[in-house]
Amino acid sequence: MSRFIEWLDSLNQKDTKVRAVLRRSLAFDPGAFVPAYPYVEPFVKDESNSWQREMHYLVAGLWAAHWRDGRSDSRMTIGTACAAYQAASGSTSAERRFITLLDSDGDQLPHHLRQMIALLKEQPIDFDALLTGLLYWNDDLKRTQNGWAQDFYRNLGDDTETQPISQEELPA
């Protein structure tokens, strides 16, 4: 567990209001909801990179929205969780949403990620891996997107039929 998720867990053990404030922060641009500052800013106070700072706020909000008491310790990456969701639900829209998420630019990413995390509410998410991936989202080689895609397609059940998604099916 990363220090940041440990930090959030420790705050949550002291005061459950933390989760409510961080969940509320998802309605704003990452890092723009002032009541969330006491919970995230002490951890990122020395961070000069605005992208990294915003991703900490985004992950904090997503962590709070996804938090469930008694959730198992076996956590999945986003790609693995999305594959598990698709296999369990039989929904092919999960793949389309996942591809849209992977194709998101920095401005679209918070919106698509919020939707994906809401969809995966029953899947235990590895928020450490999520934060690490988001910190490198803008990498020219798209290592995060490639890694998440590999996790997704490697974990799709062999009995799951996948249809190639045409460009017309992808949302603009």
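Which residues lie nearest the centre of the largest pocket? Keep that in mind as we walk through this predicted model, where local features need pLDDT of at least 70, side-chain atom pairs count only at pLDDT 80 or more, and totals for chains, interfaces and linings use all residues. Residues are numbered from 1 along each chain as its sequence is written, and side-chain values use heavy atoms, with hydrogens and water left out.

**Stop 1: the whole chain**

Start with a cartoon view. The protein has nine helices and zero strands; helices are DSSP runs of H or I with at least four residues, strands are E runs of at least two, and both are numbered from the N terminus. Of the 172 residues, 41% are buried, where buried means under 20% relative accessible area, exposed over 50%, and partly exposed in between (1.4 Å probe, protein chains only). Among contacts (heavy atoms within 4.5 Å) with a separation of 6 or more, 70% join residues 24 or more positions apart.

**Stop 2: helix H2**

Select residues 17–25, which form H2, and show the side chains of Val18, Arg19, Val21, Leu22 and Ser25, the buried ones. These residues sit on the same side of H2, because they cover an arc of only 165° around the axis, taken from the directions from the helix axis to the C-beta atoms. An α-helix has 3.6 residues a turn, so residues three or four places apart point the same way. Now add H1 (3–14), H3 (37–44) and H4 (50–66): the buried residues of H2 pack against these helices.

**Stop 3: the core**

Keep Leu22 on screen and add Ile78, Leu130, Leu134 and Trp148. In the largest nonpolar core, which has 47 residues, these five touch the most other members. Such a core is a set of buried Ala, Val, Leu, Ile, Met, Phe, Trp, Tyr and Cys residues joined through side-chain atoms within 4.5 Å. H4 gives the most to this core, with nine residues. Centre on Trp148 next: leaving aside neighbours within four places in sequence, its contacts are Ile78, Gly79, Phe98, Leu101, Leu102, Leu130, Leu134 and Trp137.

**Stop 4: empty space**

Back to the opening question: Asp9, Trp67, Arg68, Arg71 and Arg75 lie nearest the centre of the largest pocket, which is lined by 14 residues. H1 and H4 are the elements that give two or more residues to this lining, and the largest share, four residues, comes from H1. The pocket holds about 250 Å³ of space. On a 1 Å grid over the protein atoms alone, a pocket is an open set of points with protein on both sides within 12 Å along at least five of seven lines, a cavity is a set where a 1.4 Å probe fits but cannot get out, and lining residues have an atom within 4 Å of a point.

For the cavity, select Ser25, Leu26, Phe28, Asp29, Pro30, Gly31, Tyr57, Leu58 and Arg114, which line the largest one. Its volume, the space filled by probe spheres set on grid points joined across faces, edges and corners, is about 40 Å³.

**Stop 5: two loop residues**

Go to Asp126, in the loop between H7 (109–119) and H8. Not counting residues up to four places away in sequence, Asp126 touches Arg75, Met76 and Thr77. Asp126 counts as partly exposed, at 22% relative accessibility.

Finish at Lys142, in the loop between H8 (127–135) and H9 (143–155). Its phi is near 50°, a positive value in a residue other than glycine.
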